[in-house]
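Open the model in your viewer and keep the selection tool at hand. This tour goes stop by stop.

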Amino acid sequence: MKIGILSRNSKLYSTSRLVEAAKERGHEPQVIDVLKCFMNITANRPTVHSKVKGEVTQLSFDAVIPRIGASITAYGTAVLRQFEVGGVYSVNESIAITRSRDKLRAHQLLARKGVGMPITSYAHSVDATDEIIQSVGGAPLIVKIIESTHGNGVVLAETNKAAESLINAFRSLNADFLVQEFIKESGGSDVRCFVVGDKVIAAMQRSAKEGEFRSNLHRGGSAEVTKLKPEERALAVRAAKVMGLDVAGVDLLRSAHGPLVIEVNSSPGLEGIEKATGKDVAGAIIKHIEKDSLKGPNKPKGKG
């Protein structure tokens with residue numbers, strides 16, 4: 001198969017591992033920078049072209065793997081959608097990626113399907129500040145920018161006064177944000193479940209560095225392999241399916257009343273999970289593509 005890997009940097013660990021895994025299984029991978037693509041949008045011959053060093057190439061793939069960063073979601077998913085219009089299989093669909101990137105939309109969809117999450121509130125009016133603080137049980141609480149990544153734009157407010165000041169500051173910047181219950185018993189740790197298809201193929205527990213509540217590896221957190229309970233596996237797979245994602249990083253908190261989903265990531269990194277668990281996650285993604293692409297072009301998954 002000719003497999004296009006939509007990534008801005010071929011040297012990134014995740015991208016290079018996918019290239020390596022595809023070659024090992026006899027495929028022809030090609031890394032494509034979506035920002036160097038342009039589209040011919042017609043009813044008869046929808047095409048995608050790439051222009052590199054002045055040379056224009058029409059791109060033709062049997063399957064694509066989107067590794068689209070949050071900062072280029074709009075254009076990246078537009079390019080991916082063009083491949084989909086042309087009948088190319090994508091391991092994650094454009095609509096599923098945009099669905100998961102909008103944290104408010106994602107929380108609403110997960111809540112509609114009864115997926116357990118920390119109590120979350122959202123309001124536009126400054127008059128509702130006290131109400132949204134109290135609705136999540138008061139401080140300490142989390143204030144989270146809707147399009148945050150790697151723990152950026154996620155802040156802990158330890159008192160109600162601090163929460164009020166933080167919320168007002170975000171509003172003054174016209175930033176969209178959520179207010180969320182703080183799960184103290186998680187102890188600054190969360191669990192990243194890597195879902196491929198209908199299975200969690202690898203899981204690690206991430207712990208925040210001293211003095212930090214965010215466990216993201218990008219913020220200096222540490223990771224170690226962890227054993228999942230059956231209900232944690234089932235919740236992770238269910239959350240990915242609600243989003244319509246075949247490959248996803250589902251982040252869970254272990255609370256006193258069971259596992260809770262805090263995020264579903266449509267472009268999860270491979271380095272942390274592969275090094276912590278020793279699992280060939282890249283190979284599992286390629287194997288899934290081999291099997292799933294035989295069913296034909298993508299059919300819409302998830303709703304909303």
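Buried means under 20% relative accessible area, exposed means over 50%, and partly exposed lies in between (1.4 Å probe, protein chains only). This is a predicted model, in which local features need pLDDT of at least 70, side-chain atom pairs count only at pLDDT 80 or more, and totals for chains, interfaces and linings use all residues. Residues are numbered from 1 along each chain as its sequence is written, and side-chain values use heavy atoms, with hydrogens and water left out.

**The whole chain**

Start with everything shown. The chain has nine helices and 16 strands. These are DSSP runs, numbered from the N terminus: helices are H or I with at least four residues, strands are E with at least two. Along the principal axes, the C-alpha atoms fill a box of roughly 55 × 40 × 35 Å. The radius of gyration is 20 Å, which agrees with the value near 19 Å for a compact globule of 304 residues. That radius is taken over C-alpha atoms, and the globule rule is 2.2 Å times the number of residues to the power 0.38.

Of the 304 residues, 51% are buried. Now think about contacts, meaning heavy atoms within 4.5 Å. Among those between residues at least 6 apart in sequence, 66% join residues at least 24 apart.

**Stop 1: Asp251**

Select Asp251. Its place is in strand S15, residues 247-255. Is Asp251 buried or exposed? Asp251 counts as buried because its relative accessibility is 3%. Show the side chain of Arg206 too: a polar contact of 3.1 Å joins it to the side chain of Asp251. A polar contact is a pair of N or O atoms within 3.5 Å; within protein, one must be able to donate a hydrogen and the other to accept it, and residues adjacent in sequence count only if both atoms are side-chain atoms. Beyond four places in sequence, Asp251 also touches residues including Asp190, Val191, Arg192 and Glu263.

**Stop 2: Glu263**

Move to Glu263, in strand S16 (residues 258-265). Glu263 counts as partly exposed, because its relative accessibility is 27%. Leaving aside neighbours within four places in sequence, its contacts are Lys103, Gly249, Val250 and Asp251.

An unreviewed UniProt entry annotates Asp251 and Glu263 as "binding site". From this set, the lining of the largest cavity takes in Glu263. UniProt positions are given in the numbering used here, feature names are shortened, and annotations may be inferred rather than shown by experiment. On a 1 Å grid over the protein atoms alone, a cavity is a set of points where a 1.4 Å probe fits but cannot get out; lining residues have an atom within 4 Å of a point.

**Stop 3: Phe182**

The unreviewed UniProt entry also places "binding site" at Lys144, Glu181, Phe182, Asp190, Arg214, Ser215 and Asn216. Select Phe182. It is found in the loop between strand S11 (177-181) and strand S12 (189-196). With a relative accessible area of 27%, Phe182 is partly exposed. Outside its neighbours within four places in sequence, Phe182 is in contact with Pro140, Leu141, Ile142 and Leu156.

**Stop 4: Ser255**

Return to strand S15 and pick Ser255. Ser255 is buried, at 12% relative accessible area. Which backbone nitrogen lies 3.2 Å from a polar atom of the Ser255 side chain? That of His257. Not counting residues up to four places away, Ser255 touches Ile183, Glu185 and Leu260.

**Stop 5: His49**

Jump to strand S4 (residues 47-52) and select His49. His49 is buried, with 14% relative accessible area. Its side chain makes a polar contact of 2.9 Å with the side chain of Thr47. Residues touched by His49 from further along the sequence than four places include Lys36, Phe38, Val56 and Leu59.

**Stop 6: helix H3**

Finish with helix H3, residues 94-101. Six of its eight residues are buried, so the helix is mostly covered. Colour the buried ones: Ser94, Ala96, Ile97, Arg99, Ser100 and Arg101. What lies over them? The cover includes strand S6 (63-66), helix H2 (73-85), helix H4 (103-112), helix H7 (230-243) and S16.

Terms used
On a 1 Å grid over the protein atoms alone, a cavity is a set of points where a 1.4 Å probe fits but cannot get out, and a pocket is an open set with protein on both sides within 12 Å along at least five of seven lines; lining residues have an atom within 4 Å of a point.
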